[in-house]
Amino acid sequence: MRDYLGCKHVVAVNSGTAALHLACSLFEPRTISTTANSFVSTAQAIVMNGHEIEFKEGPVNLPVHFGGMPSDTSEAIIEDCAHAMGSRLKSKNIKCFSFHAQKNLAMPNGGAIALYDDEHLDELRAKRWCGIEQKDGKRDVVSIGWNYVMNNVSAVCGIEQLRELDNHNAKRRYIALRYNQELEFERMPFSPDCSYHLYWILVNDRDRFRAKMSEMGIETGFHYPSIDRFSAFKEANLPTTHYVSDHIVTLPIHPNLNKEDLDRVIKSANSLV
Ligand SMILES: Cc1ncc(COP(=O)(O)O)c(C=O)c1O
């Protein structure tokens, strides 16, 4: 995986949430800005480590490569790459991946932190297993930690999945290209740098669109409710994020989607424009 990602170290953990939590624990309490258009663990990782969270639009300290599309990393210290396994990411910030069963690289559950130097390696290795450090056959507990160790069954699945990843992502890119060329909605751009974990469109009446697609036998998704609008957070002034959150629909995209199904999704969606 280190070679695949082109980084110096990979610290394997048991989820993307664990990866984000550990990465955020590396910094003294400070303000960390992020997007509200993500899965909630992006924000929780910040808050759980005593940081002040700031939801923003534009460049942020903890960007999410949403759907796998490389986003602006000019202010990043940590990147949420849960969707971006196989995306072409150029920066050298701390990167957190998810290998949840629905992700591009699927395990029963899993995650990883990619590092480009040695700076945080020992701390992360200790914190992922109850603060334990093994040196010269001796065990010491050097910090407070968690049990975030990746289990062997997940690791074996991940090794096999890694062999297929580029092939699977090529199939996702083909689907994304067809969606991009043929759908008649405001839609996700096409980029060869994207892993296409998700493919999104914006629709006027989401409930109606999703109900009609469901009647035609097509499951769609909603990624994501804007995090700042959840009760545990405070609503922020995010006009674009809220607009997207109110109108976004994600369409089927996975390596087993055959041409017939793809044609049917496109035709069905376009019948609802
Ligand atoms: C953007 C994003 N960040 C973090 C996570 C958390 O990953 P995990 O489910 O492996 O804990 C997810 C998972 O859905 C995600 O989509």
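The exercises below work through a predicted model of a protein with a bound ligand.

**Exercise 1. The surroundings of the ligand**

Determine which residues come nearest to the ligand, and how the shell around the ligand divides by class.

Solution. Begin with the neighbours: 17 residues are around the ligand, and of these Gly16, Thr17, Asp80, Ser98 and Lys103 come nearest. Next, sort the shell by class, which gives five nonpolar, ten polar and two charged residues. Then turn to the secondary structure, where α2 (16–24) and α3 (41–48) each supply at least two residues of the shell. Of the elements that contribute, α2 gives the most, with three residues. Finally, place the ligand in the protein as a whole: the ligand sits in the largest pocket.

**Exercise 2. Polar contacts and burial**

Find which ligand atoms lie close enough to the side chains of threonine 17, aspartate 80 and histidine 83 to count as polar contacts, for which the cut-off is 3.5 Å between N or O atoms.

Solution. Take the three side chains in order of residue number. For threonine 17, a polar side-chain atom lies 2.6 Å from an oxygen atom of the ligand. For aspartate 80, the partner is a nitrogen atom of the ligand, at 2.7 Å from an N or O atom of the side chain. For histidine 83, an N or O atom of the side chain is 2.8 Å from an oxygen atom of the ligand. The last step concerns surface area: the ligand taken alone exposes 390 Å², and the protein buries 90% of that.

**Exercise 3. A salt bridge between two loops**

Explain why the salt bridge of aspartate 193 and arginine 88 ties together parts that are apart in sequence.

Solution. First, establish the pair: the side chains of aspartate 193 and arginine 88 meet in a salt bridge, with 3.0 Å from N to O. Second, locate both residues: aspartate 193 lies in the loop between β9 (186–187) and β10 (200–202), while arginine 88 lies in the loop between β4 (78–80) and β5 (94–98), so the pair ties together parts that are 105 residues apart in sequence. For the model as a whole, the count comes to ten salt bridges.

**Exercise 4. Backbone details in two loops**

Identify which residues a cis peptide bond joins, and which residue has a positive phi although it is not a glycine.

Solution. Start with omega, which is about 5 degrees for the cis peptide bond that joins histidine 223 and tyrosine 224. Tyrosine 224 is found in the loop between α6 (206–215) and α7 (239–247). Continue with phi: cysteine 130, which is not a glycine, has a positive value of about 55 degrees. Cysteine 130 belongs to the loop between α4 (121–127) and β7 (132–135).

Methods:
Residues numbered from 1 in each chain as written. Predicted model: local features only at pLDDT ≥ 70, side-chain atom pairs only at ≥ 80, totals over all residues. Heavy atoms only, no water. Near = heavy atom within 4 Å. Polar contact = N/O pair within 3.5 Å; in protein donor to acceptor, adjacent residues only side chain to side chain. Areas by Shrake-Rupley, 256 points an atom, 1.4 Å probe, with all protein chains shown as cover. 1 Å grid on protein atoms, 1.4 Å probe; cavity = no way out; pocket = protein on both sides within 12 Å on 5 of 7 lines; lining within 4 Å. Sits in = over half its atoms within 2 Å of the grid points. Helix = DSSP H or I, 4+ residues; strand = E, 2+ residues; numbered from the N terminus. Nonpolar A, V, L, I, M, F, W, Y, C, P; charged D, E, K, R; others polar. Salt bridge = Lys/Arg side-chain N within 4 Å of Asp/Glu carboxyl O.
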